[in-house]
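Hi everyone, thanks for coming. I'd like to walk you through one protein chain today, so please have the structure up on your screens.

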Amino acid sequence: MIEDERLIVFDDEHFMKIALRQAERAAEAGEVPVGAVAVRDGQVIGRAWNQVEMLKDATAHAEILVMTQASAAKSDWRLDDVDIYVTKEPCAMCAGAMVNSRVRRVVYGMADPRAGAAGSALDITGFSGMLHRVEVKGGVLEPECKFIMQDFFRRRRLESQTGKTVCQVNNPELGGNGE
Ligand SMILES: [Zn+2]
């Protein structure tokens with residue numbers, strides 16, 4: 001039995017689950033449900049959900065917020081030893097910020113074929129003209145990440161049709177409240 005927590009190696013799914021909890025919080029707050037965490041040396045140094053509506057700020061995407069937290073935690077804008085986990089493929093703004101921050105790796109859940117900028121619609125993270133390339137891994141817990149997004153927009157459509165608030169459906173696969 002491993003007594004020392006530092007010896008436990010957390011995998012990508014572990015951190016994506018934490019990002020999913022953040023996305024759930026976004027949904028509860030009426031924000032488009034995207035959650036992100038920043039991880040360094042196996043430790044979470046930033047966690048946030050999309051807060052565009054709450055902050056009335058188009059740049060308040062979950063990824064931007066966790067990068068700001070990670071830079072503060074490191075006292076350095078260079079995030080070359082930081083991995084970002086996010087439930088949806090980053091947009092052009094966030095992918096660009098990741099390149100500028102020299103993020104080591106981005107791990108995302110659901111791909112965004114329409115506007116994803118980590119290889120789906122655009123490849124900003126891998127563009128050869130950029131000074132830094134961000135390693136990309138997609139599709140981690142994709143069904144869960146997709147579910148929370150689809151459920152959010154399904155409820156939104158119903159609400160606009162009926163004028164009534166529709167209760168959030170909990171994803172049984174996620175379980176618990178966690179973080
Ligand atoms: Zn974004």
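**A walk through the fold**

Let's start in the middle of things, with helix H3: its buried residues pack against helix H1 (12–28), strand E1 (35–40), strand E2 (43–49), strand E3 (82–88) and helix H4 (92–100). Please keep in mind that this is a predicted model.

Which residues of H3 are buried? They are Ala62, Glu63, Ile64, Leu65, Val66, Met67 and Ala70. I also checked the length of this helix. H3 covers residues 62–74, and at 1.5 Å a residue its 13 residues should span 18 Å; the C-alpha atoms at its ends are 18 Å apart, so the two agree. Right after H3 comes serine 75, which has a positive phi, near 55°.

Now let's step back to the whole chain. There are five helices and five strands, and from the N terminus they come in the order α-β-β-α-α-β-α-β-β-α. Of the 179 residues in the protein chain, 37% are buried. If you take the contacts with a separation of 6 or more, 55% of them are between residues 24 or more positions apart.

On to the core. In soluble globular proteins, nonpolar side chains tend to be buried together. Here, the largest nonpolar core has 46 residues, and Ala36, Val66, Ile84 and Tyr85 are those with the most contacts inside it. Which elements give two or more residues to this core? They are H1, E1, E2, H3, E3, H4, strand E4 (105–110) and helix H5 (142–162). H1 gives the most, with seven residues.

Let me pick out valine 66, which we met in H3. If we set aside its neighbours within four places in sequence, valine 66 is in contact with Ala36, Val37, Ala38, Gly46, Arg47, Ala48 and Ile84. Two of the names from the core list, Ala36 and Ile84, are among these contacts.

Next, the strands. E3 and E4 run parallel and are joined by five bridges. One pair to find on your screen is tyrosine 85 with its bridge partner in E4, valine 107. Between these strands the chain passes through H4, and this β-α-β crossover from E3 to E4 is right-handed.

Is E4 enclosed or open? Five of its six residues are buried, so E4 is largely enclosed by the rest of the structure. E4 also runs parallel to strand E5 (residues 135–137), with three bridges joining them. Here the pair to look for is valine 106 and its bridge partner in E5, valine 136.

Last stop, helix H5. It has 21 residues and reaches 30 Å from its first C-alpha to its last, close to the 30 Å expected at 1.5 Å a residue. Its buried residues are Glu144, Cys145, Ile148, Met149 and Phe152. Looking down the axis of H5, you'd see these buried residues fall within an arc of 140°, so they line one face of the helix. What covers the buried residues of H5? The cover includes H1, E3 and E4. The face turned away from that buried side carries the exposed residues Pro143, Gln150, Arg154, Arg157, Gln161 and Thr162. Just after H5 sits glycine 163, with a positive phi of about 75°.

So that's the tour. If you'd like one residue to take away, make it valine 66: buried in H3, and among those with the most contacts inside the largest nonpolar core. Thanks for listening!

Conventions. Residues are numbered from 1 along each chain as its sequence is written. This is a predicted model: local features need pLDDT of at least 70, side-chain atom pairs count only at pLDDT 80 or more; totals for chains, interfaces and linings use all residues. Helices (H or I, at least four residues) and strands (E, at least two) are DSSP runs, numbered from the N terminus. The expected span of a helix is 1.5 Å times one less than its number of residues. A residue is buried if 20 or more other C-beta atoms lie within 10 Å of its own, exposed if 12 or fewer, and partly exposed in between; C-beta atoms are placed from the backbone. Two residues are in contact if their C-beta atoms, placed from the backbone, lie within 7 Å. A nonpolar core is a set of buried Ala, Val, Leu, Ile, Met, Phe, Trp, Tyr and Cys residues joined through C-beta atoms within 7 Å. Two strands pair if DSSP finds at least two bridges between them. A crossover is right-handed if, with the strands pointing away from the viewer, the path from the first strand over the helix to the second runs clockwise. The arc is that of the directions from the helix axis to the C-beta atoms.
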